[in-house]
Amino acid sequence: SNQLMAGKRGLIMGLANDKSIAWGIAKACADAGAELAFSYQGDALLKRVGPLAAQLGSDMVIPCDVGDEASIDALFAEIEKAWGKIDFVVHAIGFSDKNELRGRYVDTTRGNFAMSMDISVYSFTAVVQRAEKIMNPGGSCLTLTYYGAEKVMPHYNVMGVAKAALEASVKYLAEDLGKDGIRVNAISAGPIKTLAASGIGDFRYIMKWNEYNSPLRRNVTTEDVGKSALYLLSDLGSGVTGENLHVDAGYHVVGMKAVDAPDM
Ligand code: NAD
C-alpha cells in the first residue's frame with residue numbers, strides 16, 4: 001500500500017463483478033488511499049457491486065445507465081451533494097450486441113452501430129462533460145480501450161470502430177479540459193477474461209495468441225491494469241494527457257515472432 005491517492009475522491013463506473021477491469025482499478029486506488037464512489041447499471045448488479053464497494057470502505061453505490069442523460073445527471077448530482085468536488089473518474093464501460101461480435105464487420109447493422117457508438121463512445125464524453133463541472137484542478141479522467149481500434153482483430157468488428165472513435169475523443173477531451181488542469185487518458189488493455197469479453201467470438205484463442213506473441217509471454221491481469229491506472233490517475237501522471245497507454249504485455253509492438261523464439 002502507498003499514499004499516492006490520499007485525500008482524493010473518485011468515481012468508478014463499470015464495475016460488474018470481481019473480474020471487472022473496474023475492480024482492479026478500484027482496488028489499486030483504494031489501496032493508495034482514495035475514497036471511492038461506484039456507479040452500476042441496473043438493479044441486478046447491485047447485489048454484486050454493493051459488497052465489493054463495502055470491501056473497499058465505500059457505501060456510495062449509485063445506479064447509472066449511461067444510455068440515459070437523466071441517469072447521468074442524477075449520478076453527478078448525488079456525487080456533488082455528497083462530496084462537492086471530485087478528483088478522478090474511471091469509465092470502464094462498453095457494449096455491443098454480441099451477435100455482431102463474431103463473423104464479419106461488413107454485416108454490422110445500423111441499429112447496433114449506433115447503439116455501440118452511443119454506449120461505448122459518447123458515454124465517455126457525456127461523463128467527462130458532467131465531471132468537468134465538479135472536478136478539482138489536477139483531476140484525471142480515464143477510459144478503457146483495446147488494440148482492435150488500431151488493427152483488425154478477429155470478431156472485434158464494430159467495437160474496433162467504436163474504440164477508434166473513443167481514442168480520438170480522448171484527444172479532443174484532453175485539449176478541451178487541459179486549460180482547467182484536468183487530464184484525460186485511455187488505457188489500452190490486453191485481453192482479460194471478463195463478462196464483457198465473454199461476448200467476443202473465439203476469446204480463448206485470442207488470449208492464447210496474445211500470451212504466445214507478447215514480449216512478456218503472458219496475458220495481463222486486472223491488477224496490472226490497476227497499477228497503470230494509478231499512474232494516470234495520481235500525480236505520477238501529472239504531465240500526461242491525451243495518451244493511450246498500452247497495458248498489454250507489449251503485444252502492440254510486435255510485428256512477428258521468430259520461429260525459434262526461446263519459448264516456441
Ligand atoms: P465488464 O463486463 O466487467 O464491464 C463492462 C461494464 O460496462 C459492466 O459493468 C456493465 O454494467 C457496463 N455497462 C454496459 N452498458 C452500460 C450502460 N448502458 N450503462 C452503464 N454501464 C454499462 O468487462 P470489462 O472487460 O471489465 O470492461 C470494461 C472496459 O474495458 C470496457 O470498455 C471494455 O471494452 C474495456 N476493455 C476490455 C478488455 C478485455 O479484454 N476484457 C480489453 C480492453 C478493453
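1. Tyr156 has 23 C-beta neighbours inside 10 Å and therefore counts as buried. In this predicted model, Tyr156 is placed in the loop between β5 and α5. When residues up to four places away in sequence are set aside, Tyr156 touches Tyr146, Gly148 and Ile200.

2. Tyr146 also lies in the loop between β5 (135-145) and α5. With 25 C-beta neighbours inside 10 Å, Tyr146 is classed as buried, because the threshold for that class is 20 or more. Apart from neighbours within four places in sequence, the contacts of Tyr146 are Tyr156, Lys163, Ser188 and Ala189. Two of these contacts, Ser188 and Ala189, are listed among the buried residues of β6.

3. The UniProt record, an unreviewed entry, places the feature "active site" at Tyr146 and Tyr156. According to the UniProt definition, annotations may be inferred rather than shown by experiment, and the note on this feature should be read with that caveat. In the model, Tyr146 and Tyr156 are in contact with each other.

4. Asn157 deserves a check of its backbone geometry. Its phi is near 45 degrees, a positive value in a residue other than glycine. Most residues other than glycine have a negative phi. Asn157 lies in helix α5, which covers residues 157-178. Asn157 is buried, because it has 26 C-beta neighbours inside 10 Å.

5. Asp202 is a further residue with a positive phi, of about 55 degrees, although it is not a glycine. Asp202 belongs to the loop between β6 (183-189) and α6 (203-213). Is Asp202 buried or exposed? Asp202 is exposed, because 12 other C-beta atoms lie within 10 Å and the class extends to 12 or fewer.

6. The surroundings of the ligand comprise 27 residues, of which Ser20, Gly94, Leu144, Thr194 and Ala196 come nearest. By class, this shell has 19 nonpolar, seven polar and one charged residues. Among the secondary-structure elements, α1 (21-31) and β5 each supply at least two residues of the shell.

7. Strand β5 runs parallel to β6, and six bridges join the two. Within this pairing, Thr143 stands opposite Ala186 of β6. Strand β6 is mostly covered, with seven of its seven residues buried. Which residues of β6 are buried on each face? Arg183, Asn185, Ile187 and Ala189 are buried on one side, and Val184, Ala186 and Ser188 are buried on the other. Ala186, the residue opposite Thr143, is thus found on the side of β6 shared with Val184 and Ser188.

8. Helix α7 (residues 222-233) has twelve residues. From its first C-alpha to its last it reaches 16 Å, close to the 16 Å expected at 1.5 Å a residue. The helix is mostly covered, as nine of its twelve residues are buried. These are Thr222, Asp224, Val225, Gly226, Ser228, Ala229, Leu230, Leu232 and Leu233.

9. The buried residues of α7 pack against β1 (9-13), α1, β4 (86-91), β5, β6 and β7 (244-247). Two of these partners, α1 and β5, are also the elements that each supply at least two residues of the ligand shell. The partners β5 and β6 are themselves joined as parallel strands.

Key:
Residues numbered from 1 in each chain as written. Predicted model: local features only at pLDDT ≥ 70, side-chain atom pairs only at ≥ 80, totals over all residues. Helix = DSSP H or I, 4+ residues; strand = E, 2+ residues; numbered from the N terminus. Contact = placed C-beta atoms within 7 Å. Near = placed C-beta within 6 Å. Nonpolar A, V, L, I, M, F, W, Y, C, P; charged D, E, K, R; others polar. Expected span 1.5 Å × (residues − 1). Pairing = 2+ DSSP bridges.
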